[in-house]
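Open the model in your viewer and keep the selection tool at hand. The tour goes from the whole chain to the ligand, and then to a single side chain.

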Amino acid sequence: MRFDLTEDQLMIQQTAKEFAESEIAPSAVERDKKAEFPAEIIRKLGELGFMGMMVSPQYGGAGLDTVSYVLAVKEISRVDASVGVIMSVNNSLVCYGLEKYGSDFIKDKYLKALASGEKLGAFALSEPEAGSDATQQKTTAEGNGSCYVLNGTKNWITNGQSADYFLVMATTDKSKGHKGISTFLVEKGTPGFDHGLKEDKLGIKSSDTCSLMFSNCSVPKENLVWEEGKGFNFAMDTLNGGRIGIAAQALGIAEASLEASVNYSKQRKAFGSPISDLQAIQFKIADMATKVDAARLLTLQAAALKDAHRKYYKEAAMAKLFASKAAVECALEAIQIHGGYGYVREYLVERYLRDAKITEIYEGTSEIQKIVISRAMLDQK
Ligand code: CAA
């Protein structure tokens, strides 16, 4: 598979890069320290068309392809992975599924606002006892006249405090197992719906993560997305695309680690010359560059397959599995190359490591990606 980017894709990448460097980079360190949500940056990303990149213009989106989306998430995450995940959740986990499965009512009322960046979305699948084993949903949604009444708790929800609209998976028929799970769009401020405290995380600190609580929360029937019982399939289909977004985020972190290492090693002198003259450093750079390139190719492959309307779930899992590992390994090596300077906040590489780790956990842990890949290889799925 060849990856000659088109002029349009290169232009999107350049726009994302310039925006990241001029608008995101200057405040990234401070926002990480204060764990501050980048509200103004997200507003501007909306104006740029980056919050609904793959949504058709009819619904307020930019109508771009997945490859362009990957390039943009990568450039943004190269500078600040917190902004990368906020953007990725809105694009891949919220807008994508609403455009594919939402009713006209939902698309008009909610998707337009989400895709244009006027509103922010969140995706609520995980629960205290349903993480990797996502079929074990305990949150219930009981039909009651013109409403469904939701009860339960969701965990680890990215954009949990800042989002306006939430896609919530809940069980409508327990007897049917995963075929009894449905998806609902819930508005912030709906009575009976509240969020918990912001989690104090290791990394991606300026994105907010929290639990959500539903206590006799009435949601109008027209806010059911797709059909009753299709919620698990909805979540799985959505997560396939989400994994491409997280692979792109991880790729951005890996690239930033490599770049910082190249620059630092040329400046830092030891034993009478720049440390880049030492084979010990050169080999680290070679390994990092190889991992970055492999991660990039896998991520672009998954995106290109999705754009070509071909099966891509295995390739998306491979891209996420590989890119997230590459991000952690490259960030660790970047710290090693920086020595003591790598261990302090003044240099950015310690944040790269803190931010990288989550990419091996959310939107399916690395172990889950291996299940998806191995089942595809063994033709079980
Ligand atoms: N794509 C499409 N459909 C899929 C699928 C995939 N990758 N994986 C499973 N399915 C479908 C199956 O085809 C099956 O559908 P039918 O019943 O219609 O035939 C259904 O889902 C059930 O599949 P399985 O029998 O394979 O289910 P399982 O329980 O054995 O395993 C799993 C499924 C792959 C382990 C799944 O539970 C999984 O992906 N778990 C990880 C969950 C996850 O990624 N959570 C992330 C939380 S969201 C998040 O992090 C958001 C954030 O805020 C950043």
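A residue is called buried when its relative accessible area is under 20%, exposed when over 50%, and partly exposed in between, using a 1.4 Å probe and counting protein chains only. By that rule, 54% of the 381 residues of the protein chain are buried. This is a predicted model, in which local features need pLDDT of at least 70 and side-chain atom pairs count only at pLDDT 80 or more, while totals for chains, interfaces and linings use all residues. Residues are numbered from 1 along each chain as its sequence is written, and side-chain values use heavy atoms, with hydrogens and water left out.

**Whole chain.** Show the cartoon. The protein chain has ten helices and ten strands (DSSP runs numbered from the N terminus: helices are H or I with at least four residues, strands E with at least two). Its radius of gyration is 21 Å, close to the 21 Å that the globule rule gives for 381 residues, so the protein chain is as compact as a globular protein of that length. Here the radius is taken over C-alpha atoms, and the rule is 2.2 Å times the number of residues to the power 0.38. The C-alpha trace spans about 80 × 45 × 40 Å along its principal axes.

**Ligand shell.** Select the ligand and the residues near it, meaning those with a heavy atom within 4 Å. There are 24 residues around the ligand, and the closest are Thr 158, His 178, Asn 240, Arg 243 and Arg 375. Colour by domain: domain 2 (122-232) and domain 3 (238-378) each supply at least three residues of the shell, with domain bounds from an automatic or database assignment.

**Ligand contacts.** Next, display distances for polar contacts (pairs of N or O atoms within 3.5 Å; within protein, one must be able to donate a hydrogen and the other to accept it, and residues adjacent in sequence count only if both atoms are side-chain atoms). At His 178, an N or O atom of the side chain is 2.5 Å from a ligand oxygen. At Ser 132, a polar backbone atom lies 2.8 Å from a ligand nitrogen. At Asn 233, a polar side-chain atom is 3.0 Å from a ligand oxygen.

**Helix H6.** Which element gives the most to the shell around the ligand? Select H6: this helix contributes six residues. Asp 237 is also in helix H6. With a relative accessible area of 13%, Asp 237 is buried. Finally, select Tyr 101: its side chain makes a polar contact with the side chain of Asp 237, at 2.4 Å.
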